[in-house]
Amino acid sequence: MEGRTGDDASLVDRLRRGDPRAFEELVIAYQHRVFGVALRMLGSRAEADELAQEVFLRVHRAVAEFRGDAKLSTWLYAIASRLCLNRLTSGERRMAREGEETLARLASGHASPADELERSELEAALHRAIAELSDERRIVVVLRDLEGLSYEEIAAALELQLGTVRSRLHRARMDLKEKLERFLS
Amino acid sequence: MTCHDAREAFSALVDGALGADERAALDGHLATCAECRRELQRFRDTVALLRGAAPVRAPAGFVDRVLEAARPAPWPRRLLRGLFLPWPVKLPIEAAAIVLVTVGVVYVYRATPELQQSVRLGPTSPAVTEKPRLTPEPSAPSSSPEKNQPQEQDKAGRSMEKKMAAPPPAARDEASRRAADLRDASPDAGRQKEAGRPAPAAPPVGGKVEAPPVRAGREPEVAQERARARAAPVPESRADAPRAQRPATGPSGVLSSVPPDVSGRLAVSDRAAALRGLAELVARLGAVESRRVDASDATLVELTIPREAYPELARQLGRLGRWQPSQEPAALPVQVRVVLRITG
């Protein structure tokens, strides 16, 4: 497992001392990643916004308990993943809304209109396919292929064995390959 | 290596997690299996698609909202939040606690005679008795008996009232207080009270004495009777009532302001003889007769007797006539106040 980087260590130390500027830096640095995990897991921008805020508030309250034997980012991903999975299984979650605007906004703005249309369709299909994965497979593929975590980091964040991470990731990718067959060459 | 084994290794291959031996075996299989090569290409494209997905950005203002939410709330809000949130949990618990405390207080009050006694003594203080003095007592002796048209079934009670009104003004207040007690013990008590409120029990005409229960019963009527008993000694605290005219300090002076501990009817064939026998009993058993009211059909006698002598009194009453106690609690006070309705 990778340890903390120098920047992380400094940031954590300042957070523990109650430096308000340090917390702001943390939120600025990790807001998109935490929000991205929440959005891809929950499928709703409103819910993702609420949950991502909760992630940072928990970090703010519990930074003194951070052991420092993992990267700060892994700790954040662990909190975000746990909150997402809890919410998805708690039943309190609002029903996922059809046609969530999220999918369209993921398209790039640099392509030609024709390319953009095609890309939007592909992106929509991709995120629909991700959303159709089971929760436990989806979180693994999100952390690996969308957020770029290593197997070890995923295992630490989700408190899983490495073999379980590998297996779930492979199953998730195979599922996605089947669902996206028509877009593949 | 089979096709299945080869495809199971795709993820590790894409992530560069295959060992050298596994990689060699997979390459060997792919070199001879076109279908697995196509599958691997589709697998790589899928992963590339995932990794090429547009990054998600947090909405504008997200950082500010988080920083605002992380700012500690003012202490009054934190206190209120601690006391009442989450309200679906804490409010019912707090309401239940209030109810439990209330029930506990009422239970302790009812189970503790000393507390009840102290409440009974309360009206003797001027501050408490001031208010009842302003309220005319419906059946007090000061109200003119002529205004009330006597009815046959009320005759005994009303004749008692007239007798109670007879003493001079100095003793009138005490007499009215006693009369209130005795009225409470008589079957006419309910009729003398305000309309619509029933007597504690519905005795037959000229029937047994119905004294309100003091310790044995816990029904709501008990509380009403206690309230009436407390309201009865209105004139007792009047400043113009000479203290010398009041009974000597003793248990009867206090107990007479409350319903009797024991009451009942003593049916005899010769009332005068029974009264003489009762007087002997009173003297022999160390009792004190504190009040006597004669009527045409009954005589009410109020006496106070030590608790240890009460059983003997009850036995001897059975010899004087037919003794039917209507109120005889198991637990008696040290000084037992007894009201007898002697008929015959």
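In this predicted model, helix α3 of chain A, residues 45-62, meets helix α5 of chain B, residues 62-70, with axes that come within 10 Å and cross at roughly 45°. An angle of that value makes α3(A) and α5(B) oblique to each other, because it falls in none of the ranges for roughly parallel, roughly antiparallel or roughly perpendicular axes. The crossing of the two helices is right-handed. On the chain A side, the contact is made by A:Asp49, A:Ala52, A:Gln53, A:Phe56, A:Leu57 and A:His60 of α3(A). Their counterparts in α5(B) are B:Phe62, B:Arg65, B:Val66, B:Ala69 and B:Ala70.

The helix α3(A) belongs to a chain whose secondary structure comes to nine helices and zero strands. Read along the sequence, the pattern of chain A is accordingly α-α-α-α-α-α-α-α-α. Of its 185 residues, 50% count as buried. Among the contacts in chain A with a separation of 6 or more, 67% are between residues 24 or more positions apart.

Confidence in chain A is given by an average pLDDT of 82, with 80% of the residues scoring at least 70. Residues 94-111 of chain A, however, have a pLDDT below 50, and this stretch has 25 contacts in the model beyond near neighbours in sequence. Where pLDDT is low, the predicted coordinates should not be read in detail.

A second helix pair lies within chain A. Helix α8, residues 151-158, and helix α9, residues 162-179, have axes that come within 9 Å and cross at roughly 105°. Since angles of 65 to 115 degrees count as roughly perpendicular, α8(A) and α9(A) are therefore described in that way. Here A:Tyr151, A:Glu152, A:Ile154 and A:Ala155 of α8(A) meet A:Leu162, A:Val165, A:Arg166, A:Leu169 and A:Arg173 of α9(A).

Helix α8(A) is mostly covered, six of its eight residues being buried. These are A:Tyr151, A:Glu153, A:Ile154, A:Ala155, A:Ala157 and A:Leu158. The cover over these buried residues includes elements from both chains: α4 (72-90), α7 (135-146) and α9 of chain A, together with α2 (10-14) of chain B. Just after α8(A), A:Glu159 takes a positive phi of about 55°.

The cysteines can be considered next. A search of the whole structure finds zero disulfides over all chains. For B:Cys36, the nearest cysteine sulfur is that of B:Cys33, 3.5 Å away, and B:Cys36 is in no disulfide because a pair of sulfur atoms has to lie within 2.5 Å to count as one. B:Cys36 is buried, with a relative accessibility of 0%. A:Cys84 likewise has a relative accessible area of 0% and is buried.

The last site is in chain B, where B:Leu320 is found in helix α16, residues 310-320. B:Leu320 has a relative accessibility of 27% and therefore counts as partly exposed, as this value lies between the 20% and 50% limits. The C-alpha atom of B:Leu320 is separated by 6.8 Å from that of B:Val268, although these residues are 52 residues apart along the chain. Leaving aside neighbours within four places in sequence, B:Leu320 is in contact with B:Val268 and also with B:Leu266, B:Ala274, B:Gly277, B:Leu278 and B:Leu281.

Methods: Residues are numbered from 1 along each chain as its sequence is written. Chains are lettered from A and ligands numbered from 1 in the order in which they are written. This is a predicted model: local features need pLDDT of at least 70, side-chain atom pairs count only at pLDDT 80 or more; totals for chains, interfaces and linings use all residues. Side-chain values use heavy atoms; hydrogens and water are left out. Buried means under 20% relative accessible area, exposed over 50%, partly exposed in between (1.4 Å probe, protein chains only). pLDDT is the predictor's confidence in each residue, from 0 to 100. Contact means heavy atoms within 4.5 Å. Axes are lines fitted to C-alpha atoms, for helices over the stretch in contact, and angles run from 0 to 180 degrees between N-to-C directions. Helices (H or I, at least four residues) and strands (E, at least two) are DSSP runs, numbered from the N terminus. Angles under 35 degrees count as roughly parallel, over 145 as roughly antiparallel, 65 to 115 as roughly perpendicular and the rest as oblique. A crossing is left-handed if the near helix is turned anticlockwise from the far one by less than a right angle, and right-handed if clockwise.
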